[in-house]
Amino acid sequence: MGTYVLLTRVIPQGFRGPASLESLEKQVAEKIRHDLPGVRWVKNYAVLGPYDYLDIFEAPDNDTAGRVSLIVRSFGHAFTEVWPVTPWQHFEDMIETTE
């Protein structure tokens, strides 16, 4: 199971207020739960900066992580990026075995 960061920027036309944004979030989450049962959400954050949200999730592989991004985009209200991430200790182990 890999860990991924999903960065999402909602387009201004994507919602008409807090209630519509909450409804959209619930629809997207339900679609991901239904279509990708192997995905596990770890954390969600609102972000001040070029993105609106940062989500951390686990998925079995890169293709599944990509499908998470596609589902979010399929609602037509957001731009996304997905980044695979490596725990620091594992990265250090990789460095040691490379030398």
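**Exercise 1. Find the accessible surface of the protein and the share that belongs to carbon and sulfur atoms.**

Solution. Start with the total: the accessible surface comes to about 6900 Å², by the Shrake-Rupley method with a 1.4 Å probe, where for residues only the protein chains shown count as cover. Next take the share: 58% of this surface belongs to carbon and sulfur atoms. Before going on, note that this is a predicted model, in which local features need pLDDT of at least 70, side-chain atom pairs count only at pLDDT 80 or more, and totals for chains, interfaces and linings use all residues. Residues are numbered from 1 along each chain as its sequence is written, and side-chain values use heavy atoms, with hydrogens and water left out.

**Exercise 2. Trace the order of helices and strands along the sequence.**

Solution. Count the elements: there are three helices and four strands. These are DSSP runs numbered from the N terminus (helices H or I, at least four residues; strands E, at least two). Then read along the sequence, and the pattern is β-α-β-β-α-β-α.

**Exercise 3. Decide whether Thr8 is buried or exposed, and list what Thr8 touches.**

Solution. First locate Thr8, which lies in strand 1 (residues 2-10). Now apply the cut-offs: buried means under 20% relative accessible area, exposed over 50%, and partly exposed in between (1.4 Å probe, protein chains only). Thr8 has a relative accessible area of 7%, so Thr8 is buried. Finally, look for contacts (heavy atoms within 4.5 Å). Leaving out residues up to four places away in sequence, Thr8 touches Tyr51, Asp52, Tyr53, Asp55, Val72, Ala78, Phe79 and Thr80.

**Exercise 4. Work through the salt bridges of Lys26, Glu30 and Arg40.**

Solution. Begin with the rule: a side-chain nitrogen of Lys or Arg lies within 4 Å of a carboxyl oxygen of Asp or Glu. The count comes to four salt bridges. Take helix 1 (residues 18-35) next: Lys26 and Glu22 both lie there, four residues apart, about one turn of the helix, and their side chains meet at 3.5 Å, N to O. Glu30 also pairs with Arg33, with closest N and O atoms 3.5 Å apart. Why are Glu30 and Arg33 separated by about one helical turn? Because they are three residues apart in helix 1. Last, Arg40 forms a salt bridge with Glu58, the closest N and O atoms being 3.1 Å apart. This pair links distant parts of the chain: Arg40 is in strand 2 (residues 40-46) and Glu58 in strand 3 (residues 53-59), 18 residues apart.
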